[in-house]
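I opened the notebook to look up aromatic rings and the charges that sit over them. The entries follow in the order of looking.

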Amino acid sequence: MPSYTVTVATGSQWFAGTDDYIYLSLVGSTGCSEKHLLDKAFYNDFERGAVDSYDVTVDEELGEIQLVKIEKRKYWLHDDWYLKYITLKTPLGDYIEFPCYRWITGEGEIILRDGRAKLARDDQIHILKQHRRKELETRQKQYRWVEWNPGFPLSIDAKCHKDLPRDIQFDSEKGVDFVLNYSKAMENLFINRFMHMFQSSWSDFADFEKIFVKISNTISERVMNHWQEDLMFGYQFLNGCNPVLIRQCTKLPEKLPVTTRMVECSLERQLPLEEEVKQGNIFIVDFELLDGIDANKTDPCTMQFLAAPICLLYKNLANKIVPIAIQLNQVPGDENPIFLPSDAKYDWLLAKIWVRSSDFHMHQTITHLLRTHLVSEVFGIAMYRHLPAVHPIFKLLVAHVRFTIAINTKAREQLICEYGLFDKANATGGGGHVQMVQRAMQELTYSSLCFPEAIKARGMDSTENIPYYFYRDDGLLVWEAIKEFTAEVVGIYYESDQVVAEDQELQDFLKDVYVYGMRGRKTSGFPKSIKTREKLSEYLTVVIFTASAQHAAVNFGQLFLGMYPEEHFIEKPVKEAMARFRKNLETIVSVIAERNKKKKLPYYYLSPDRIPNSVAI
């Protein structure tokens, strides 16, 4: 009788193992096996991190194995099990891999296909077509869109983390990590102590140093020592945590009536201000989005305020960016003066502090929350709803949305909800942060997520004219490496543009992102469909870059881009493409490390060895 060797790998995360009964059935082209209990005498099967092998003998030839069915039945108490993968050695000595990387809960079952990525058109056998269809039908019931707040991108229909499908919840280890990191952040930032400080005036600039008491590294120490200086202020717009607002000023706005006479002491080239603009030496950061946003009124004992500044900056003879004029609100007038470096020391410093405060609100709510977290969640939900696990694009993207929906759900529970941390600690709490997202959604475009286009649109693409913009330099290197990789993967599975256009699952994924994530706004520029391999590669680069590199640049994390611990792809050409991708990223790491050796203030946020795969890792 034919005999198969079945190897079963259990996950290594906490509580991944099980004591439940595990049954296996094989479905072949010519027949199906009986259920086989996978059990070895006097042995504790399916322990956390274990790889167990079993001999399974069947009564008759099964032909080509198409599916493996795993059933879990209760032994004592309900005991979830995380199955990484199954490999099958056939009677002829061939090996078939069945990736899983999913939880089996309760008395559940999972039906697995072999690990070869397949488009829907590649499935000609009825049972495989049926498996594909049922998987998506189940997922679409589990992953439902909901409007958390009017005007927001739609999010997952779950009120709290425990309502999420088990496969996208934090595993226990990650959940504990989240709680510890959250607690550690609160401890480091002395939130309760700050709340007391906020309710009374600060009497000394030394109070600022208290922020850095427990946050000690090369960057924080240098910022603490130099934060009052104009050079540091300008540098942060290029390479700080929010390097996406500064743009080249091509025309002085009427709402900022700055004259040459006002700023001539800052213009080192001795040229009129208008000529400096023409030569590309003037830059601007406009916080117009904050104009009219309601300040936090949740604490009646604390008056909080918001500004909507306009900051003009100048590239000096050393090619460094420095501020030369600040107007704290949008409408000029006697009650809204323009502050200058020539003003009294603390008047100018206070104006810069207001700008930095506004920059904080834009960074937290728009650059970070909306443009990485919420956008990545949209991609993740649409992926689960329309791309089966066998689809090559699912296999490509799943690592980059890992825990994204979970961390966003936690944020809606604890951070940006009513009475959450935003309400307690931010001047935009109490609803201002919601207003900001609603406004920013009207300006969110696909092209603004395409890194090279976004840089060029702000006039910041010239390395000669703006030589110290490391966010741009490193970001372009990483973008190109990702795009080269996605183009390789697309080329493996889509032999022509026609195959892209005819992939209905892909087109449904794209449409879901547009209709529900971007709320069907034509002005967003998000494609409702894609017809070419080149455009598909670009789109996939946007998804991966947003979730990994862009988030790292504005948040900074710790797991590595290009490392895929879950092996969803088994084909040799894709593994070779991954190896080339990792090699390209290693080269970028070396380039960045070499540059940073010469820098007093190194920039490493976009070094691939420091970029997490997703916004939640």
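I count a charge as sitting over a ring if NZ of Lys or CZ of Arg is within 6 Å of the ring centre and within 35 degrees of the ring normal. The model is a predicted one.

Charges over rings. I looked up Lys40 and found that Lys40 lies over the face of Tyr54, 5.1 Å from the ring centre. I then turned to Arg356, which lies over the face of Phe237 at 4.7 Å from the ring centre.

Aromatic pairs. I searched the whole structure and got 24 aromatic pairs. I noted Tyr21 and Tyr75, whose ring centres are 5.5 Å apart with the planes at 80°; planes over 60 degrees apart count as edge-to-face, so this pair is edge-to-face. I placed Tyr21 in strand β2 (residues 21-28) and Tyr75 in the loop between β5 (65-73) and β6 (81-89), so that the pair links distant parts of the chain, 54 residues apart. I checked Tyr21 for exposure: at 35% relative accessibility, Tyr21 is partly exposed.

Next I took Tyr82 and Trp103. Their ring centres are 5.2 Å apart and their planes stand at 70°, so I entered the pair as edge-to-face. Tyr82 is in strand β6 and Trp103 in strand β7 (residues 95-104), so the pair ties together parts 21 residues apart in sequence. Are these residues buried or exposed? I found Tyr82 buried, with a relative accessible area of 6%, and Trp103 buried, with 7%.

Cluster. I last wrote down one aromatic cluster, formed by Phe379, Tyr446, Phe509, Phe526 and Tyr539.

Methods
Residues are numbered from 1 along each chain as its sequence is written. This is a predicted model: local features need pLDDT of at least 70, side-chain atom pairs count only at pLDDT 80 or more; totals for chains, interfaces and linings use all residues. Side-chain values use heavy atoms; hydrogens and water are left out. Rings of Phe, Tyr and Trp (its six-membered ring) pair if their centres lie within 6.5 Å; planes under 30 degrees apart count as stacked, over 60 as edge-to-face and the rest as tilted. Helices (H or I, at least four residues) and strands (E, at least two) are DSSP runs, numbered from the N terminus. Buried means under 20% relative accessible area, exposed over 50%, partly exposed in between (1.4 Å probe, protein chains only).
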